[in-house]
Each structure stands twice: as structure tokens, then as C-alpha cells.
Amino acid sequence: MTSPLIPRAEVAAYGRLPSPAPHSNAELATLLGLLTAPGVRITTVVVGHSRDTASRSSAEAFVEAWREIGRQPVLAMVDWPESAASWLRAAHRFTAEEPDAWVVAAAPLGWAQMSRRLRHSTDWDPARTYGFAALGDSRVPALAGAATLQGMRGATAEGGTWAIDRGWVTQQPPARRRPPLQPHGTL
């Protein structure tokens, strides 16, 4: 059995990854919209976050917003360090409750490491995982491995969406609201 840890040389090849920024209102609203869209049957969630201030704040804001829209309490809130020996303990806590979906606010490198551990050691499903903007970075699936994050999606800071498919991150801009129709000419 090989280790799911990303080799240091591979991490170094991507240079310094950005730290998560504080979430925006549009980002949080879009994330909630993804989880509560018509036809989506998500009632239970587990929230995970890295230990930086922005990720912790985003996770707490999601939990509060989830409660405010009348959803069931979050089953668990799990955190993990940016670097660790294996992330095994956090991975088991993250998947123990078997939620309908997972919500993640994290630093890119820590999430790449955590997601590799999740795929290696648990029944976690990335297609049932939603993330804040910092994880919609193309370097995240590159570091984690193309299949590791297949199907994960999330919100951009501007209120658009992103999705991971075959190792690629694609982004959709926020939906533009059309101005109301104005009458033309005379009757």
C-alpha cells in the first residue's frame, strides 16, 4: 500500500498556494443555493475546514446560514491542519456521520492532502462535496490527482459556480439578471 501523502517535490513544483480569502455574501448564497436547489435532496451535512481564520469563519458562516434557512443541524464540524503526518483521524471524523453532503472551507494544499486521505481510507464521495471559492483552483485537483476530486463543485467569490471534471476546474459566472421588458413603440 502506498502513502496518499503528496510528495514534497510535487508540492514544491506548484509554488506557494494562496491562502483562503474571507468568503463573500455572494459566495455563501451560491453555496447554499447549490445545496438547496429544486430537486436536490440534501438534508444532512458535515462541514470541514482547515484551521486558518478565513476557512474557520466561512465554515461558521455556512453553519449559521444553514440553520437560518431552517435546515437540520449540521451533523459535525471537523477541522484539520494544513500539514500533518496522515490526516487519517480527521478523515474518519469527516466521514463518520454519513451525511447527504459535505461542505468544505479550506486552504488548497491542506484540502488536496485531506481529499487524498479520504479517497484512500474512507467511502467519501467527492461528487457529494461542495466547496468555497479557494478550492476552485486548478492546482487543487492537479495536486490531489485527477480522479480524487471528480464531481466536486462549489461557489466562486463573485457568486458563480465551479466544478471539477476529469481533473479540470470549470467555472460558470454568476447568472445575470435580465432587466424587465420595456414596451416599445406606440399602440
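This note sets out the main structural features of a predicted model, point by point.

1. The sheet. The model holds an open sheet of 7 strands in the order 2-1-3-4-5-6-7, and the pairing within it is mixed. Strand 2 and strand 7 (168-172) form the edges, each of them pairing on one side only. Neighbouring strands of this sheet are turned against each other by 25° on average, with direction ignored.

2. Parallel and antiparallel pairs. The mixed pairing can be followed in two examples. Strand 1 (residues 45-50) and strand 2 run parallel and are joined by 5 bridges; Gly48 stands opposite Val78 in strand 2. Strand 5 and strand 6, by contrast, run antiparallel, with 3 bridges between them. Here Arg153 stands opposite Ala163 in strand 6.

3. Helix 3 and the crossover. Helix 3 packs on the sheet, where it touches strand 1, strand 2 and strand 3, and its direction makes about 160° with that of strand 1. Together, strand 1, helix 3 and strand 2 make a β-α-β unit that is right-handed.

4. The two faces of strand 2. Which residues of strand 2 lie on its covered face, and which on its uncovered one? Ala76, Val78 and Trp80 belong to the covered face, whereas Met77 and Asp79 belong to the uncovered face. Val78, the residue opposite Gly48, is thus placed on the covered side.

5. The largest nonpolar core. This core has 29 residues, and those that touch the most other members are Trp80, Phe94, Trp111, Met114 and Leu149. At least two residues each come from strand 2 (76-80), helix 4 (88-95), strand 3 (101-105), helix 5 (108-121), helix 6 (139-144) and strand 6 (161-165). Helix 5 gives the most, with 5 residues.

6. Trp111 and the second core. Residues up to four places away in sequence being left out, Trp111 touches Trp80, Phe94, Val104, Ala106, Leu118, Trp124, Thr129, Leu135, Val140, Leu149 and Met152. Apart from the largest core lies another, of 19 residues, including Val45, Ala59, Ala61 and Val103.

7. Helix 2. For the 12 residues of helix 2 (residues 25-36), a rise of 1.5 Å a residue gives an expected span of 16 Å; the end C-alpha atoms are 16 Å apart, so the two values agree. Glu27, Leu28, Thr30, Leu31, Leu32 and Leu35 are buried in this helix. The buried residues of helix 2 pack against helix 3 (53-68), strand 3, strand 4 (129-131), strand 5 (153-155) and strand 6.

8. Thr30. This residue of helix 2 has a relative accessible area of 16% and is therefore buried, the limit for that class being under 20%. Neighbours within four places in sequence aside, Thr30 is in contact with Ala155, Gly159, Gly160 and Thr161.

9. Asp137. Is Asp137, in the loop between strand 4 and helix 6, buried or exposed? Asp137 counts as buried because its relative accessibility is 16%. Leaving aside neighbours within four places in sequence, Asp137 is in contact with Pro18 and Val169.

10. Ala127. The loop between helix 5 and strand 4 holds Ala127, which is partly exposed, with a relative accessible area of 30%. Ala127 touches Gln150, Gly151, Met152 and Arg153, residues up to four places away in sequence not being counted. Ala127 and His23 are 104 residues apart in sequence, and their C-alpha atoms are 22 Å apart in space.

11. Two residues with positive phi. Most residues other than glycine have a negative phi. Glu98, in the loop between helix 4 and strand 3, has a positive phi near 50° and is not a glycine. Arg166, in the loop between strand 6 and strand 7, likewise has a positive phi, of about 50°, without being a glycine. Glu98 is exposed, with a relative accessible area of 66%. Arg166 counts as exposed at 64% relative accessibility.

Conventions: Residues numbered from 1 in each chain as written. Predicted model: local features only at pLDDT ≥ 70, side-chain atom pairs only at ≥ 80, totals over all residues. Heavy atoms only, no water. Core = buried A, V, L, I, M, F, W, Y, C linked by side-chain atoms within 4.5 Å. Buried < 20%, exposed > 50% of the residue type's maximum accessible area, 1.4 Å probe, protein only. Helix = DSSP H or I, 4+ residues; strand = E, 2+ residues; numbered from the N terminus. Contact = heavy atoms within 4.5 Å. Expected span 1.5 Å × (residues − 1). Pairing = 2+ DSSP bridges. Right-handed = clockwise from strand over helix to strand, strands pointing away. Axes fitted to C-alpha atoms, helices over the stretch in contact; angles between N-to-C directions.
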